[in-house]
Amino acid sequence: MAKHIDYYYFHSSDDEGFDNKFTFYPNYKHALTIYKNSDLLFTENTSVIRPSEKETIGTYYSINTGSSFSVDLEGKFYKIGVVFNPLGLNHFLDKPLSDAFEPAFGPFRYFGKPLEEVVTQISTLQDAAAKAALLDSFFSKAYCGFNETAVKRAVQEILNSNGTVKVEELSDSIGVNRKTLLRLFKKHLCCSVEEYKKMVMFRNALNYSQQAGDDTTLTDVALYNYYYDQAHYIKHFKSVTMHSPKTLLSKLTHLGNQDVYWNFEE
């Protein structure tokens, strides 16, 4: 499953007084988030999670291509995250992503009861490896492949170029005209080609700035990630996060061993 699923994460609290708010940022690795016994309320750029009075399991998917998204968690909760590599989720669907999900944030009911049963079983376990094994088994059975060669080639070229490849060049290299390419991205990625390019560029710059540490400069980040210059990087960063890199980067918290960086409110 590692080819299509980057990692799982498990996040929970038994504290009725738990109160935590954090913000996460665009990523080309999108996630299924599963909540047990929680009610979710979505607004344009926020989700509010509260304990449910009923036994519930809700599965949600998010594609935040160009802006930050905040999460407000209060009270007891049990949460599982399934983070997919680019086009990863598509390999477990027998129809286009756009037919299974309405972007950018919302319920994802495609896997239905079988996934709910696995989540119920996982919630009784303590060992993370055992939990991951159950998810691996579920997705192994759900695997059906994804054979849209043009989309796969286009995504790979965008990743290889760090989002700098021009749409015209991309269209020519894979032999698909612009309109068809846009249609395919909307159908299988629920975003435009330009949105995907900018998302890749932003995320890789964010990851690099956090991994390089205090010794790196904004100019280093900009040049390493193929921005025209420092000003271009800062402008793009502000358009996504509403903050300058100098203001925000030092506030991010690195979770686990993956490229997960959240901004927790103080």
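The following exchange goes through several assignments in this predicted model.

Trainee: Why is Asn162 called buried?

Mentor: Its relative accessibility is 6%. Buried means under 20%, so Asn162 at 6% counts as buried.

Trainee: Where does Asn162 lie, and what is its phi?

Mentor: Asn162 lies in the loop between helix H4 (149–160) and helix H5 (167–174). Its phi is near 55°, a positive value in a residue other than glycine.

Trainee: Which loop holds Tyr226, and what is the phi of that residue?

Mentor: Tyr226 is found in the loop between helix H8 (218–224) and helix H9 (230–241). Its phi is positive, about 70°, although Tyr226 is not a glycine.

Trainee: What makes strands S4 and S5 a pair?

Mentor: Two strands pair if DSSP finds at least two bridges between them. Strand S4 (residues 38–42) and strand S5 (residues 46–51) have 5 bridges, so they pair, and the sense is antiparallel. Within this pair, Leu41 of S4 stands opposite Val48 in S5. S4 and S5 form a hairpin, with 3 residues between them.

Trainee: Which residues touch the most other members of the largest nonpolar core?

Mentor: They are Leu97, Phe108, Phe111 and Phe139, in a core of 29 residues. The elements that give two or more residues to this core are strands S1 (5–13), S3 (31–36), S6 (57–62) and S8 (77–84), together with helices H1 (97–100), H2 (112–122) and H3 (128–142). H3 gives the largest share, 5 residues.

Trainee: What is Leu97 in contact with, leaving aside its neighbours within four places in sequence?

Mentor: Its contacts are Tyr61, Ile63, Leu89, Asn90, Phe108, Lys187, His188, Leu189 and Cys190. Apart from the largest core lies another core, of 22 residues, among them Ile174, Val176, Cys191 and Val193.

Trainee: How many cavities are counted, and how much space lies in the second largest?

Mentor: The count is 2 cavities of 30 Å³ or more. About 90 Å³ of space lies in the second largest cavity, so that cavity meets the cut-off of 30 Å³ or more, with a cavity being space where a 1.4 Å probe fits but cannot get out.

Trainee: Which residues lie nearest the centre of the second largest cavity, and how does its lining divide?

Mentor: Of the 13 lining residues, His30, Tyr61, Leu87, Asn90 and Leu189 lie nearest the centre. The lining divides into 8 nonpolar, 5 polar and no charged residues. Asp, Glu, Lys and Arg count as charged, so none of these four types is in the lining.

Key:
Residues are numbered from 1 along each chain as its sequence is written. This is a predicted model: local features need pLDDT of at least 70, side-chain atom pairs count only at pLDDT 80 or more; totals for chains, interfaces and linings use all residues. Side-chain values use heavy atoms; hydrogens and water are left out. On a 1 Å grid over the protein atoms alone, a cavity is a set of points where a 1.4 Å probe fits but cannot get out, and a pocket is an open set with protein on both sides within 12 Å along at least five of seven lines; lining residues have an atom within 4 Å of a point. Grid points are joined across faces, edges and corners, and a volume is the space filled by probe spheres set on the points. A nonpolar core is a set of buried Ala, Val, Leu, Ile, Met, Phe, Trp, Tyr and Cys residues joined through side-chain atoms within 4.5 Å. Buried means under 20% relative accessible area, exposed over 50%, partly exposed in between (1.4 Å probe, protein chains only). Helices (H or I, at least four residues) and strands (E, at least two) are DSSP runs, numbered from the N terminus. Contact means heavy atoms within 4.5 Å.
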